[in-house]
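Welcome! Here is a short guided look at a protein model, meant to be read with the viewer open.

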Protein chains: 2
Amino acid sequence: MDRVPLQRKVLSENDRIAALLREEFSRRGILCLNFISSPGSGKTSLLERTLAALPPSSRAAVLTGDIQTDNDARRLSRYGFPVQQITTAGACHLDARMIERALGAWNLDSIGLLLIENVGNLVCPASYDLGEDAKVVVLSVTEGEDKPLKYPATFFKSRAVIFNKIDLLPYVPLDLELAKQNARSVHPGIEIIETSCTTGHGLDVWRSWLARAISGKSPRSVGSVPAAR
Amino acid sequence: MDRVPLQRKVLSENDRIAALLREEFSRRGILCLNFISSPGSGKTSLLERTLAALPPSSRAAVLTGDIQTDNDARRLSRYGFPVQQITTAGACHLDARMIERALGAWNLDSIGLLLIENVGNLVCPASYDLGEDAKVVVLSVTEGEDKPLKYPATFFKSRAVIFNKIDLLPYVPLDLELAKQNARSVHPGIEIIETSCTTGHGLDVWRSWLARAISGKSPRSVGSVPAAR
């Protein structure tokens, strides 16, 4: 079984396309974020709350991946920004080729912020670079404090972790400090944000993080800021 | 890229080993269940509550899969039954070869019930037959009612779905009836069980389900009960 070499070939082809996408995003000053999480962490709700507060001048656009259904695209398309569903037909992650194809339908001049919602899966998406500036991992507090240790690749590769559904903290046995400590033990520099899309708690902090990321990527600074992986 | 044919080759090799395992389990009257869920659905807690109530005569044994860490094996080994951790070193699912290897360390004469806790992933494990009598999907009510529609393969292939963390229902926006309806729309015959490992709600129903599954698999009936997939 020559599975491992083939997997390497698939990944290196993916990396090649991702590098082209990253170059294109950098040249155009597009900030691209790749959101990764388990099913049901609240990624789509977080993106809804994010889009609802963005001005048209942000020129946001959303690609949302799912194995089946276009529920998320329908939810996300209410906010006046372009949204495309990528249905992976069984694949457990988005890959760079899917992003490249989807972007072919859009005029990139009209995009300043590209938000990619990956397939709900805390494992496989971490292996597929999409040309993003940063991965953001979303973890519901209902999932348990051990998840950074059990899924280290995703946490290691993410610039930030969002502890979401923080309003459920009184009802679940999660030790939030231990969860943060576990995230930092896998990735010491990871930025940590707490949010609840139900109560709105922490969304201001998340929006400030996003605003800083956008201004760090403005066309002025292209060339001076190395693309983070 | 000959990825799809290769994936087929990997799956058909997996199916070959799984068929041998199923034959072996059937010959020995071992009931084998394959538990699949997202990260953080409460699979390990459910298995803890299950093991705590099983008599030694059940001759239970547990294989628990994780990408990294042996936390779950440590949690599960407190109940007096043999437990083995299978660390997949990056793979996002268990496969039949991993099960075959792990079972090599045990005397199968001393096993009557084999509980397999798959890697936390609602996508990929559904593609890998482990020789089990039945898959059981565990869904936390915090994950949202749309999950059966978004991850249909897992729900279609599972004999039962356990809606877990049912004690959190008052605090989350889940429409439980719609969630059940979605599960049935993907798999009309799926059995539905509601549990909370915190309050103990529904664990009696789950234990009765398990007792019925065990008695349906007793050595007496081998040959008369076709192995369900």
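The report below goes from the whole chain to the pairing of copies and then to two residues.

## Overall build of chain A

Please keep in mind that this is a predicted model. In chain A you will find eight helices and seven strands. Its C-alpha atoms fill a box of roughly 50 × 45 × 40 Å along the principal axes. How does the radius of gyration fit a compact globule? For 229 residues such a globule would have a value near 17 Å, and chain A has 17 Å, so the two agree.

The contacts add to this picture. Counting contacts between residues at least 6 apart in sequence, 73% join residues at least 24 apart. As for burial, 59% of the 229 residues of chain A count as buried.

## Surface and charge

The accessible surface of chain A comes to about 9,300 Å². Carbon and sulfur atoms account for 52% of that area.

If you are setting your eye on electrostatics, chain A has 28 positive and 25 negative charges. The mean positions of these two sets are 3 Å apart.

## How the two copies are related

Which operation brings chain A onto chain B? A rotation of 180° with 0.0 Å of shift along its axis does so, with an RMSD of 0.0 Å. That is the relation of a two-fold axis. The same surface serves both copies, as 100% of the contact residues of chain A recur in chain B.

## Ile192(B), a residue in a strand

Ile192(B) is found in strand β7 of chain B, which covers residues 191–194. Is this residue buried, partly exposed or exposed? Its relative accessible area is 22%, and buried means under 20% while exposed means over 50%, so Ile192(B) is partly exposed.

Leaving aside residues up to four places away in sequence, Ile192(B) touches Val161(B), Phe163(B), Lys180(B) and Arg184(B). Lys9(B) is 183 residues away along the chain, and its C-alpha atom is separated from that of Ile192(B) by 34 Å.

## Thr195(A), a residue in a loop

In chain A, Thr195(A) is found in the loop between β7 (191–194) and α8 (203–216). Its relative accessibility is 0%, so Thr195(A) counts as buried.

What does Thr195(A) touch, not counting residues up to four places away in sequence? Its contacts include Leu46(A) and the run Ile162(A), Phe163(A), Asn164(A), Lys165(A) and Ile166(A). Also among them are His201(A), Gly202(A), Leu203(A) and Trp206(A).

Technical notes
Residues numbered from 1 in each chain as written. Chains lettered and ligands numbered in written order. Predicted model: local features only at pLDDT ≥ 70, side-chain atom pairs only at ≥ 80, totals over all residues. Heavy atoms only, no water. Helix = DSSP H or I, 4+ residues; strand = E, 2+ residues; numbered from the N terminus. Rg over C-alpha atoms; globule rule 2.2 N^0.38 Å. Buried < 20%, exposed > 50% of the residue type's maximum accessible area, 1.4 Å probe, protein only. Contact = heavy atoms within 4.5 Å. Areas by Shrake-Rupley, 256 points an atom, 1.4 Å probe, with all protein chains shown as cover. Lys, Arg positive; Asp, Glu negative; His and termini not counted. Charge placed at Lys NZ, Arg CZ, Asp CG, Glu CD. Least-squares fit on C-alpha atoms with pLDDT ≥ 70 in both.
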